[in-house]
Amino acid sequence: MVDLKYVLFGILPLVSAFTWLGMLLAMFVVWESQGSPHYVSMEPNQRIAYISDIGAQELQPLFIAGACVTTIFLDLSFAAERWLRHSGRLAQNISSNEKRLSVLSILFAVFGTAGLILLSIFDNVSHPDLHNGFLLLFIAGYVISAIFICAEYQRLGRKYRQLRILRTSFWVKLIFIIVEILLAAVFIGTTFTSHKNIGAVVEWIIAIIFTFYILTFFVDLLPASRSQRADFNMAMDQATNRAASRRERRDRSSARDRPMSQMSQTTDASGAV
């Protein structure tokens with residue numbers, strides 16, 4: 001049975017993703033419809049505009065508004081995921097390390113949010129150095145955030161083995177991390193050299209992939225609208241029991257090894273005498 005109250009949480013990443021994608025499409029269509037103009041922020045031999053090149057012109061208000069809505073609603077998605085796990089509507093964190101990873105993912109997402117909003121305000125025409133610094137903050141913030149949330153989901157997936165969505169989300173986010181790091185390296189290597197056209201293409205690709213990363217949180221939050229707390233309590237009990245069984249096996253193994261170690265030490269001492 002679907003609980004409409006919790007369906008609203010799933011809307012948060014949808015608003016973020018479609019705002020971001022709509023902003024990108026609007027900026028590209030306007031640039032194309034104007035005859036692909038060569039802006040003052042572009043290099044002489046540069047034919048393809050960066051998102052920042054377009055966002056520094058008359059569409060800057062759209063760029064700022066889109067950046068704000070996208071990142072704020074994405075951060076709200078992070079916060080919603082944390083609260084739903086705490087309240088038992090999603091698979092709960094069992095260890096304190098999982099909770100720390102979740103908090104760190106939110107923290108670095110906030111850094112990424114600050115980077116995107118500030119780079120849209122401090123454009124690459126009037127404030128090129130600040131703009132580039134905030135661009136790196138945006139990329140690094142969300143990539144590191146994804147690493148922490150990926151680590152959290154990897155641990156959750158091992159404990160809640162019956163919840164396939166956790167493993168699926170882990171692998172999707174891991175692929176995002178690998179692809180974005182590789183593309184970010186290409187982007188930085190081409191943007192700060194004489195290969196601006198390649199850098200611009202890579203930037204658009206990174207931005208579009210970011211849309212799909214945002215949409216993964218819709219998948220993560222969706223079970224909250226269909227689950228009952230008792231379902232996750234049962235899953236949590238099973239995960240806790242498995243963890244306890246692993247500890248018990250380790251303890252028994254240590255107990256068996258201890259007498260053997262003591263016997264070895266006694267033998268060595270006898271030999272020395």
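Here is a short exchange on salt bridges, burial, a helix and the nonpolar cores of this predicted model.

Visitor: What are the ground rules for this model?

Guide: The model is predicted; local features need pLDDT of at least 70, side-chain atom pairs count only at pLDDT 80 or more, and totals for chains, interfaces and linings use all residues. Residues are numbered from 1 along each chain as its sequence is written, and side-chain values use heavy atoms, with hydrogens and water left out.

Visitor: Why is the pair Glu 152 and Arg 85 called a salt bridge?

Guide: The term needs a side-chain nitrogen of Lys or Arg within 4 Å of a carboxyl oxygen of Asp or Glu. Here the N to O distance is 3.9 Å. The pair therefore qualifies. A search of the whole structure finds four salt bridges.

Visitor: What does the pair Glu 152 and Arg 85 tie together?

Guide: Glu 152 lies in helix α5 (residues 128-159) and Arg 85 in helix α3 (residues 60-87), so parts 67 residues apart in sequence are tied together. Helices here are DSSP runs of H or I, at least four residues, numbered from the N terminus. Glu 81, Arg 85 and Glu 152 are linked in a network of salt bridges.

Visitor: How do you know whether Glu 152 and Arg 85 are buried or exposed?

Guide: Buried means under 20% relative accessible area, exposed over 50%, partly exposed in between (1.4 Å probe, protein chains only). Glu 152 has 0%, so Glu 152 is buried. Arg 85 has 3%, so Arg 85 is buried.

Visitor: What about Lys 173 and Asp 220?

Guide: Their side chains meet in a salt bridge, 2.7 Å from N to O. Lys 173 sits in helix α6 (residues 164-191) and Asp 220 in helix α7 (residues 196-221), 47 residues apart. Lys 173 is buried at 0%. Asp 220 is buried at 5%.

Visitor: How do you know that the length of α4 agrees with its expected span?

Guide: The expected span is 1.5 Å times one less than the number of residues. For the 26 residues of α4 that gives 38 Å, and the end C-alpha atoms are 38 Å apart, so the two agree.

Visitor: What makes a set of residues a nonpolar core?

Guide: The members are buried Ala, Val, Leu, Ile, Met, Phe, Trp, Tyr and Cys residues joined through side-chain atoms within 4.5 Å. The largest core has 50 residues; Ile 54, Phe 138, Phe 210 and Tyr 213 touch the most other members. Helix α5 gives the most to this core, with eleven residues. Apart from it lies another core, of seven residues, among them Ala 80 and Leu 221.

Technical notes
Helix = DSSP H or I, 4+ residues; strand = E, 2+ residues; numbered from the N terminus.
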